[in-house]
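I opened this structure to look up its charged pairs, its strand pairing and what lies under its surface. My entries follow in the order in which I looked.

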Amino acid sequence: MDPTRQVIVALDCDTRQAAQAVVDRLGDACRFYKVGLELLTAVGPQFVRDLVAQGTEVFLDLKLFEIPNSVAGAVRAAGALGVSMVTVHGMGGTGILAAAVEAARDHPGLRVLALTVVTSVTDSDLADIGVSGSAEGQVLRLARLARETGCHGVIASPREVAPLRALLGADALIVTPGVALPGESAAEHARPATPRAAIIDGASHVVVGRSVTRARDPLSALRRVHADLSPRRAY
Ligand code: C5P
């Protein structure tokens with residue numbers, strides 16, 4: 001697969017200028033951006049429309065967890081922006097996931113992804129909120145729910161990708177944040193892996209944020225991610 005569409009760069013910025021500077025610097029090397037709550041709230045949806053208009057795919061990371069009617073409305077609004085992916089919390093359960101899937105039907109290019117367990121969460125964090133068992137067990141439980149409700153895929157840490165691929169089959173999207181290049185600090189990701197390890201295990205996409213956007217040269221940093229995925233590719 002083309003690494004420029006397999007690596008999703010997270011634009012976790014608080015101004016349009018900062019986000020645009022990354023987009024301008026990366027140019028054709030990145031064809032897929034993640035826009036999260038910070039950027040969307042700070043700069044508004046026009047920035048998303050502009051990214052889509054220039055042929056870039058957008059993963060709108062809304063992490064929806066609301067009553068089904070409100071989730072459906074937000075998914076329809078995401079579809080109207082032309083984005084390719086939107087996220088819903090798997091912990092919201094069957095009603096919320098099914099409402100999101102149903103609302104996406106009018107937008108054939110829109111994929112609904114269930115967020116399983118945020119990569120920074122550990123087994124003891126789960127125990128604190130009353131979830132017994134391991135993070136991996138919880139990820140697999142929510143992934144089953146996502147499959148049963150018709151979600152197109154899941155968001156999970158690289159550590160759970162292999163069992164998820166076995167569970168969900170070849171067509172599911174498995175998108176993994178929480179990756180770090182070899183030798184890089186793992187920031188607050190409790191369960192990091194390299195992009196290459198995640199893809200080999202079966203991830204369809206990896207999300208990379210600060211390693212690229214905060215680098216002195218974001219384009220060289222992104223090329224290091226691409227090189228990690230395709231070690232024989234010359235730059
Ligand atoms: O850490 P990094 O800057 O690469 O994060 C990129 C994206 O990955 C963030 O936008 C966030 O949604 C997601 N992330 C996550 N779990 C973390 C840290 C980041 O899911 N612990």
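I looked up Arg 31 and found that, at 17% relative accessibility, this residue counts as buried, because the cut-off for buried is under 20%. Its salt-bridge partner is Asp 28, with the closest N and O atoms 3.7 Å apart, and Asp 28 is exposed, with a relative accessible area of 63%. I note here that the model is a predicted one, and I read the distances in that light.

I then went through the other charged pairs, of which the count comes to seven salt bridges. Asp 50 forms one of them with Arg 16, the closest N and O atoms being 2.9 Å apart. Since Asp 50 lies in helix α4 (residues 46-53) and Arg 16 in helix α2, this pair ties together parts that are 34 residues apart in sequence. I recorded both as partly exposed, Asp 50 with a relative accessible area of 26% and Arg 16 at 32%.

Next I checked Lys 63, which sits in strand β3 (residues 57-64) and has a positive phi of about 45 degrees although it is not a glycine. Its side chain meets that of Asp 61 in a salt bridge of 2.6 Å, N to O; Lys 63 counts as partly exposed at 31% relative accessibility, whereas Asp 61 counts as buried at 6%. Salt bridges that share partners join these two residues and Lys 34 into one network.

I turned to strand β1 (residues 7-10) and asked which of its residues are buried on each side. Val 7 and Val 9 are buried on one side, and Ile 8 and Ala 10 on the other, so that both faces are covered. Strand β1 runs parallel to β8 (residues 205-208), to which three bridges join it, and Ile 8 stands opposite Val 207 there. Two bridges join β1 to β2 (residues 32-36), again in parallel, with Val 9 opposite Tyr 33. The chain crosses from β1 to β2 through helix α2 (residues 16-26), and I noted this β-α-β crossover as right-handed.

In helix α6 (residues 94-104) I listed the buried residues, among them Ile 96, Leu 97 and Val 101. Their cover includes helices α5 (68-81) and α8 (135-148) as well as strands β4 (85-89) and β5 (111-115).

Last, I looked at the surface, where Phe 65, Met 91 and Ile 129 make a nonpolar patch of about 310 Å². Met 91 is in the loop between β4 and α6 and is partly exposed, with a relative accessible area of 38%.

Terms used:
Residues are numbered from 1 along each chain as its sequence is written. This is a predicted model: local features need pLDDT of at least 70, side-chain atom pairs count only at pLDDT 80 or more; totals for chains, interfaces and linings use all residues. Side-chain values use heavy atoms; hydrogens and water are left out. Buried means under 20% relative accessible area, exposed over 50%, partly exposed in between (1.4 Å probe, protein chains only). Helices (H or I, at least four residues) and strands (E, at least two) are DSSP runs, numbered from the N terminus. Contact means heavy atoms within 4.5 Å. Two strands pair if DSSP finds at least two bridges between them. A crossover is right-handed if, with the strands pointing away from the viewer, the path from the first strand over the helix to the second runs clockwise. Patches are made of residues with over 30% relative accessible area and no salt bridge: like charges are joined within 9 Å, nonpolar side chains (Val, Leu, Ile, Met, Phe, Trp, Tyr) within 5 Å. Accessible areas come from the Shrake-Rupley method with a 1.4 Å probe; for residues, only the protein chains shown count as cover. A salt bridge is a side-chain nitrogen of Lys or Arg within 4 Å of a carboxyl oxygen of Asp or Glu.
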